[in-house]
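Visitor: I'm new to this one and would like some help finding my way around. Could you walk me through it, a feature at a time?

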There are 2 protein chains.
Amino acid sequence: MVIRKISPNLALDHQVSLRQAAGERIVHLGFGEARLPVFPGLVERLVAGASRNSYGPVPGHPGVLRAVAGYFGRRALPTDPEQVIVAPGSKALLMALQFVVPGDVLLPAPCWVTYAPQALEAGKEVIPVPIPAECGGVPDPDALREAVRAARARGANPRIVILTAPDNPTGTTATPDLVRRICAVAEEEDLLLVSDEIYRDLVHDPGFEYLSPAEVAPSRTVVVTGLSKSLALGGWRIGAARFPAVPMRQDVASVASEVWSTLAGPLQEVAEYAFDEPAELVARRDADARLHGALARAVQDIVVKSGALSRPPTGGFYVYPDFEPLRAQLARHGVVDGASLQDHLLTRGVAVLAGEHFGDDPGALRFRAATSVLYGNTAELQQEAMAAADPTTVPHVADALAVIERAFTEPGSGR
Amino acid sequence: MVIRKISPNLALDHQVSLRQAAGERIVHLGFGEARLPVFPGLVERLVAGASRNSYGPVPGHPGVLRAVAGYFGRRALPTDPEQVIVAPGSKALLMALQFVVPGDVLLPAPCWVTYAPQALEAGKEVIPVPIPAECGGVPDPDALREAVRAARARGANPRIVILTAPDNPTGTTATPDLVRRICAVAEEEDLLLVSDEIYRDLVHDPGFEYLSPAEVAPSRTVVVTGLSKSLALGGWRIGAARFPAVPMRQDVASVASEVWSTLAGPLQEVAEYAFDEPAELVARRDADARLHGALARAVQDIVVKSGALSRPPTGGFYVYPDFEPLRAQLARHGVVDGASLQDHLLTRGVAVLAGEHFGDDPGALRFRAATSVLYGNTAELQQEAMAAADPTTVPHVADALAVIERAFTEPGSGR
């Protein structure tokens with residue numbers, strides 16, 4: 001065991017709680033949660049699934065495996081149900097994969113906070129590779145090739161690359177060209193691609209040309225997904241994976257059988273309904289994606305207006321600003337790196353997570369802002385944001401955006 | 001990763017399916033599941049918990065931690081909620097414990113099928129220790145001391161002992177005297193005790209004096225439990241653990257945060273209700289325990305009548321016969337070990353799991369019979385068995401018992 005520290009999310013939550021207890025207003029952009037109410041049809045299926053109190057097959061009941069296979073089939077990935085598994089969260093599947101696939105792990109830097117600790121837990125080395133200028137969620141293809149060769153030259157065994165599209169933390173989505181270039185490196189260097197597509201259904205622009213590496217390199221790509229983000233079901237813990245072939249599914253099921261047995265029966269009933277993608281659910285999901293896009297772009301606009309940089313967000317509910325152009329002004333206030341920028345913004349009423357927590361350069365003035373928390377903390381406020389033609393004009397949303405604008409656009413003025 | 005084979009349960013299920021497809025009637029005593037309907041109050045809480053779609057704290061919401069602490073408090077184990085965690089099954093918690101606690105693992109032989117693969121998964125050595133004559137679920141105390149010393153002498157590092165009471169596979173429950181003797185060895189040899197008490201509320205005799213090692217050796221005992229057995233909720237995946245102190249809880253929570261995040265919100269609501277032990281739920285649970293006892297004793301009677309041996313079952317829903325006294329008769333039919341006895345009984349219409357799958361001597365003529373499957377495969381049949389004053393006389397139950405009696409009492413007659 002390797003990692004035994006308090007997570008940066010929890011540490012930030014604690015700081016926010018202390019400030020709130022002292023009467024401060026904090027716009028908390030630190031937590032990557034969809035923060036929307038449960039769609040009623042999902043609750044109906046949860047109830048219908050209550051009688052599923054038997055253990056059942058480890059990978060999942062035939063119905064849910066068929067549904068997940070159909071979901072991938074509609075995304076240009078023809079899938080046999082035997083290639084599929086469901087689990088209590090895609091995180092559990094990513095962890096099991098680390099246990100069954102040998103070799104060290106290449107990660108885009110920055111990337112989601114959990115990939116590196118999981119790789120370390122499985123006794124692997126983590127090899128960070130910078131993301132390209134266009135978008136995050138993938139390593140720069142040339143840098144990837146170099147990193148693989150350099151690692152091999154010093155005796156490491158890089159075999160796995162994790163990709164995320166749309167990406168957490170950058171809120172951007174790899175272009176088809178980039179995906180093809182990554183797949184080409186994977187073929188050349190014999191790497192397994194793990195494509196985390198948990199935000200796939202939250203691409204903001206329905207016209208965006210999404211390409212999964214599983215389409216380009218089907219024999220060497222595992223796809224993981226889940227309902228936590230696209231259906232705002234983080235607390236229900238439903239994940240799924242699609243393997244290039246049945247044996248790897250069996251290996252992961254073997255780990256599953258020793259760790260979590262299977263996804264809870266009632267949640268398998270939910271998953272079967274959700275992965276079948278009935279029209280009413282898809283309508284809600286698409287509306288949510290538009291809402292996420294509107295708020296991510298609103299925060300992006302504030303970033304740009306403040307003189308900072310940020311790749312335009314294209315999916316999910318994140319913006320990843322870079323305050324490098326304001327380094328001189330910020331330095332006058334003691335802000336010299338990501339950590340001090342995070343602290344500085346917190347004193348100005350906005351909680352964010354510095355880039356170093358995502359494996360980015362600690363010296364960079366970068367951080368992730370999760371924009372979905374802007375919808376509000378109650379189902380009522382969230383419904384209001386969902387119902388609005390322009391959610392940025394809903395009073396509680398506009399109010400929070402104003403706090404962010406003050407914090408970002410006068411970064412050196414103190415308070 | 002160490003273990004990548006099909007589980008003996010699944011292999012047996014497959015054999016049973018083939019025979020059933022060929023028109024044979026098989027009484028399937030191979031699967032350790034409570035096989036009873038869900039209590040309606042639990043379904044109500046599942047529905048009430050549907051709005052819990054946020055991630056929430058990794059160890060569990062304050063309400064469920066308070067409920068679990070209260071549950072242990074009513075069992076002479078005063079507990080701070082900070083000592084507690086809930087998870088998708090106690091299996092996940094047992095696995096996380098293997099990751100966070102260093103040292104090799106001592107197991108009673110026989111014991112539950114999952115302890116050894118988990119220990120191997122965590123890179124540990126497994127040291128089996130025979131159970132005493134009185135009951136299973138604990139190693140013989142003197143043999144335990146010897147095994148620890150012998151293991152240390154050859155360079156191993158035995159530090160963890162797993163206990164199960166009531167026990168799977170033997171259906172017996174460690175006596176207070178045995179528990180005290182095990183705790184004394186643990187003190188002498190500085191061992192951590194992991195007490196798997198998932199069958200605790202299914203002791204058949206309400207007057208049985210149950211002693212948890214956590215009462216005797218509180219600073220060195222972890223207790224794990226769950227609702228899969230006592231409330232027939234295997235498919236809902238709800239487990240809990242109580243640690244001797246907060247730091248170990250934090251270490252396990254750290255693994256949880258990288259593997260399964262947290263128990264699904266709706267199931268936390270269920271767990272809060274269940275661990276609070278309302279009277280109506282306790283009444284159902286106690287009735288289930290009596291039912292389990294009645295059927296386990298009925299099968300035990302058949303075993304004894306057949307001339308075989310078996311420790312009288314005292315908890316859960318298992319009987320663990322030893323056909324050693326019939327070895328000569330069985331040998332004439334090619335039955336010379338556990339595997340051939342399992343095959344032989346299957347040809348006679350009864351599916352059981354040979355002792356070797358639980359870490360017992362492969363040459364021994366021992367097997368586990370899970371008696372809870374006798375209630376029937378539908379909620380209607382199960383209700384009938386639950387409602388009967390003497391469940392052994394309910395037609396479908398009596399019929400299955402007759403099949404078992406034929407298979408066990410004429411073991412050498414072929415068919």
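Guide: Happy to. Keep in mind that this is a predicted model. Let's begin with a single residue: Arg181(B) has a relative accessibility of 31%, so it counts as partly exposed.

Visitor: What does Arg181(B) form a salt bridge with?

Guide: Here's the general idea: side chains of opposite charge can pair when their charged atoms come close. In this case the partner is Asp142(B), and the closest N and O atoms of the two are 3.6 Å apart. Asp142(B) sits in helix α6 (residues 141-153) of chain B and Arg181(B) in helix α7 (residues 176-189) of chain B, so the pair ties together parts that are 39 residues apart in sequence.

Visitor: And is Asp142(B) buried, exposed or partly exposed?

Guide: Asp142(B) counts as partly exposed, because its relative accessibility is 37%.

Visitor: Let's turn to chain A. Which side chain meets that of Arg149(A) in a salt bridge?

Guide: That would be Glu188(A), with 3.6 Å from N to O. Arg149(A) belongs to helix α6 (residues 141-153) of chain A, while Glu188(A) belongs to helix α7 (residues 176-189) of chain A, so this pair ties together parts that are 39 residues apart in sequence. Arg149(A) is partly exposed at 46% relative accessibility, and Glu188(A) is partly exposed at 46% too.

Visitor: Which residues are linked with Arg149(A) and Glu188(A) in a network of salt bridges?

Guide: The network in chain A also takes in Asp142(A), Arg145(A), Arg152(A), Arg181(A) and Glu189(A).

Visitor: How many salt bridges does the structure hold over all chains?

Guide: There are 60. One of them joins Asp360(B) and Arg366(B), whose closest N and O atoms are 2.8 Å apart. Look at the surroundings of each partner: Asp360(B) is buried, with a relative accessible area of 10%, whereas Arg366(B) is partly exposed at 23%.

Visitor: Now for the two chains together. How do I read the relation between chain A and chain B?

Guide: In general, two copies of a chain are related by a rotation about an axis and a shift along it. Here, turning chain A by 180° with 0.0 Å of shift along the axis superposes it on chain B, at an RMSD of 0.0 Å. That is the relation of a two-fold axis. If you want a landmark in chain A, try Val47(A): its C-alpha is the one nearest the axis, 3.1 Å from it. The same surface serves both copies, as 98% of the contact residues of chain A recur in chain B.

Visitor: How many residues of chain A are in contact with chain B?

Guide: On the chain A side there are 49, in contact with 48 residues of chain B. The area buried between the two chains is about 3900 Å², and carbon and sulfur atoms give 58% of that. In chain A, the residues that lose the most area to chain B are Asn53(A), Tyr55(A) and Glu258(A), together 20% of what that side buries.

Visitor: How many salt bridges and polar contacts does the rule find across the interface?

Guide: For salt bridges the number between chain A and chain B is zero. For polar contacts, the rule finds 30 residue pairs across the interface. On the chain A side, α2 (40-48), α4 (90-100), α5 (115-121), α9 (246-259) and α10 (265-275) each supply at least two of the residues that touch chain B. The element that gives the most is α9(A), with six residues. By kind, the residues on this side divide into 27 nonpolar, 13 polar and nine charged.

Visitor: Could we finish with some buried spots? Where is Ser195(A) found, and what does it touch?

Guide: Ser195(A) is in strand β6 (residues 192-196) of chain A. It counts as buried because its relative accessibility is 2%. Leaving aside residues up to four places away in sequence, Ser195(A) touches Leu163(A), Ser212(A), Pro213(A), Thr221(A), Val222(A), Val223(A) and Val224(A).

Visitor: And in chain B, what does Ala96(B) touch?

Guide: With residues up to four places away in sequence set aside, Ala96(B) touches Val252(B), Val255(B) and Trp260(B). Ala96(B) lies in helix α4 (residues 90-100) of chain B and is buried, with a relative accessible area of 1%. For a sense of scale, the C-alpha atoms of Ala96(B) and Asp301(B) are separated by 40 Å, and the two residues are 205 residues apart along the chain.

Note on methods
Residues numbered from 1 in each chain as written. Chains lettered and ligands numbered in written order. Predicted model: local features only at pLDDT ≥ 70, side-chain atom pairs only at ≥ 80, totals over all residues. Heavy atoms only, no water. Least-squares fit on C-alpha atoms with pLDDT ≥ 70 in both. Contact = heavy atoms within 4.5 Å. Helix = DSSP H or I, 4+ residues; strand = E, 2+ residues; numbered from the N terminus. Buried < 20%, exposed > 50% of the residue type's maximum accessible area, 1.4 Å probe, protein only. Buried area = accessible area lost by both parts, 1.4 Å probe. Salt bridge = Lys/Arg side-chain N within 4 Å of Asp/Glu carboxyl O. Polar contact = N/O pair within 3.5 Å; in protein donor to acceptor, adjacent residues only side chain to side chain. Nonpolar A, V, L, I, M, F, W, Y, C, P; charged D, E, K, R; others polar.
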